[in-house]
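Me: Please go through the structure below with me. Some short questions follow.

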Amino acid sequence: MTDLKKLLSQMTVKEKLGQLTQLNARVFIDTQADITGPLLNLKLTKEDLTTVGSVLNYWKPSEMVAIQRQHLKDDRNKIPMVFMMDVIHGYRTIFPLPLALGCSFNTDVVTECTKMAAREAVAGGVQVTFTPMVDYVRDARWGRVMESCGEDALLNSTMGAAQVKAFQGDDLRNKENIAACVKHFAAYGGADTGLDYSPVDISEHTLREHYLPAYKACIDAGVEMLMTSYTAVNGVPSNANEWLMKKILKDEWGFSGVVISDYSAVKDLVEHAITPSEKEAAEIAFNNGVDIEMVSTFYMSHIEELIAEGKISEEKLDEAVLRVLELKEKLGLFEDPYRGACETDDSEVWLTEENRDIARRAAEECAILLKNDGTLPFSKDVKKVALIGPFADTGDIIGFWACSGRPSESITVKEGLRRLLPGAEIIVEKGCGYEFNDTDKSGFAAAVEAAKGADAVILCLGEPQDYSGEGNSRVDISLHKIQLELAREIVAVNKNTAALTFSGRPLVLSELDETVPAILHMWFPGTEGGNAAANLLFGEVNPSGKVSMSFPRATGQCPIYYNRTKVIRQGPTGPHTKNVASFIECDMTPLYSFGHGLSYSSFKYESLELSSDKMGVDDKVTVKITVHNESDVPGKETVMLYMRDVFASNARPMQQLIAFKKLHFEAGERRTVEFTVDEPMLRFWGNDHKKISEAGEFEISTGYADHLIHTKSLWLEK
Ligand code: NOJ
């Protein structure tokens, strides 16, 4: 054990500030010999560099090892640096996007994938990951919805907490684990109009009910770090937002881990026009509890002076530095600063058969069968398959932010089909491109020709993987016109067609839904995407994913989400209606609602029973839902429990998920699934700024959003 307090007492203020600075690996790699551009821009000397406490964005473990080795020679205190990276959905073996993982509704899948990512990341020299991102999302125009689990606070909280536990395990010294960093505090997902980095304007009520719970759940799960968001929340940038950073994060939630800014977000305080001065930006962020400044160097440049002026206390500086040193100690870095990094850049734990198997099973659980008129599953007896579309034979299905994953190592849909159907002829025709402004139809004729004689046609459509992720916002999330035209021409010659769709956000699929008999949405499924797709299309595996973020009918419906409060005066869709809530062009509901997802099994929800229709604040009521798999196909079903507070002092959501269980059903199996309802599940953020429940009627239902069934009344008595 290192005596951290003693170590701290030996450090100069400059050295302490180094611990609170995180720099890009390139700064160290490019400045081995001399002071060059990057250092000058950062206003740092080579000596300053020897004090830096953490590094991000190194692409090879050998780089990490070299940087650490040099650092330990140069730093007079011999404090190892801590290495951080965005391991978002796998390190080298890539599994589906977080948004897709949400659709699995399966924490076992999330846990298995996350543990695998942690093992691979350790070999990659990663000690902390900037995951989980639990920003609650409602607007699919925002490209970063791919990093979230979706539009439900319970789902986001459950999946976020599962990731924290799986990354960190019980002991961070164990080299199968890495530290997690929850982000982006707070409410980055509320970016106005879905435009990345735009401000968030949100009521405290909505923030407390929907946006904040998942960060809190990760903190309760023991997350070591938290990252602030870039954005301004109700006019105040997170890094300057005393209410969020002090009152909620520290005072209410008691977070005692390390807080890091997002990428140059301390510097952004100047861009936000909160202050014209770099020095004041440092003062504001530090005094609001931002321990580590990522990438910009205002702390290093100004805090010594701010201490001398009495604007920052040295005691607070020591507390922040101690938090960072404690994290290093927990990770065992003082004894082993390389912590399992594979210096040869070729680790045997990467991309193993076992890891590929985990990634494939995850991709199978995350895919959603959005539509099926009986076309799927295809028979494996097919002789000739036409595989058409821009995603038919590409490795670019691993998704944005795939860390060290490589498209060249992923299984394409064509390769997946070849493996599953060794005797079948598979004709591949791209048909068209996938850019939003593609107009070249020269590939249509060959695609139509291929479809004509095929026993089964698979249309591989969607938007490119770099249309989602950071900085990728869209004004139109419809499937591109040219792909729709291709779909129409193909279905006109062969009805035995299913569409396989790829994207990092819910797309508008209204026209595709009218055109093709079946749609299987794959999201970006990762390294084993092609194998998963083939297994699902041909019935080797039964689809079980459910929508975790609504698919709108039209982009103009965004933001759209299932758990909204009641829209009053609802009226018929269409033009020339007066004084009613309705859209002229389309229905108010999404095309595919939260919780929607078909299966090759046929699940009948037979009943919902409550152990009592009344409860006091200390009581618990058991809910029993009987579900019957009426088919001869085994499959998984997510049984969901919803509630509605019928009358309250504050308008409540018309539907709100309060529990879910994903279960396997054998062919013909009937199961009674039990849930417990207690008073805390019925609470909401009241008008007097407290969580409360109110006596009265609650409706308890099952089914899924917009399709609630077996509704029963439960009365809370006080
Ligand atoms: C900026 C992103 O907003 C954040 O999510 C990420 O963790 C950091 N860059 C570091 O790469």
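Me: At the start of H8, which backbone nitrogen does a side-chain oxygen of Asn106 reach to?
Reply: This is a predicted model, where local features need pLDDT of at least 70, side-chain atom pairs count only at pLDDT 80 or more, and totals for chains, interfaces and linings use all residues. Residues are numbered from 1 along each chain as its sequence is written, and side-chain values use heavy atoms, with hydrogens and water left out. At the start of H8, the Asn106 side-chain oxygen comes to within 2.9 Å of the backbone nitrogen of Asp108.

Me: How far apart are the end C-alpha atoms of helix H8?
Reply: Helices (H or I, at least four residues) are DSSP runs, numbered from the N terminus. The expected span is 1.5 Å times one less than the number of residues. H8 has 17 residues (107-123) and should therefore span 24 Å, which agrees with the distance between its end C-alpha atoms, 25 Å.

Me: Which residue with a positive phi follows H8?
Reply: The phi of this residue is near 80 degrees. The residue after H8 is Gly125.

Me: Which H8 residue is both buried and in the lining of the largest cavity?
Reply: Buried means under 20% relative accessible area (1.4 Å probe, protein chains only). Buried residues of H8 include Val109, Cys113, Thr114 and Ala117. The lining of the largest cavity includes Val87, Phe95, Gln163 and, from H8, Thr114.

Methods
Helix = DSSP H or I, 4+ residues; strand = E, 2+ residues; numbered from the N terminus. Buried < 20%, exposed > 50% of the residue type's maximum accessible area, 1.4 Å probe, protein only. Polar contact = N/O pair within 3.5 Å; in protein donor to acceptor, adjacent residues only side chain to side chain. 1 Å grid on protein atoms, 1.4 Å probe; cavity = no way out; pocket = protein on both sides within 12 Å on 5 of 7 lines; lining within 4 Å.
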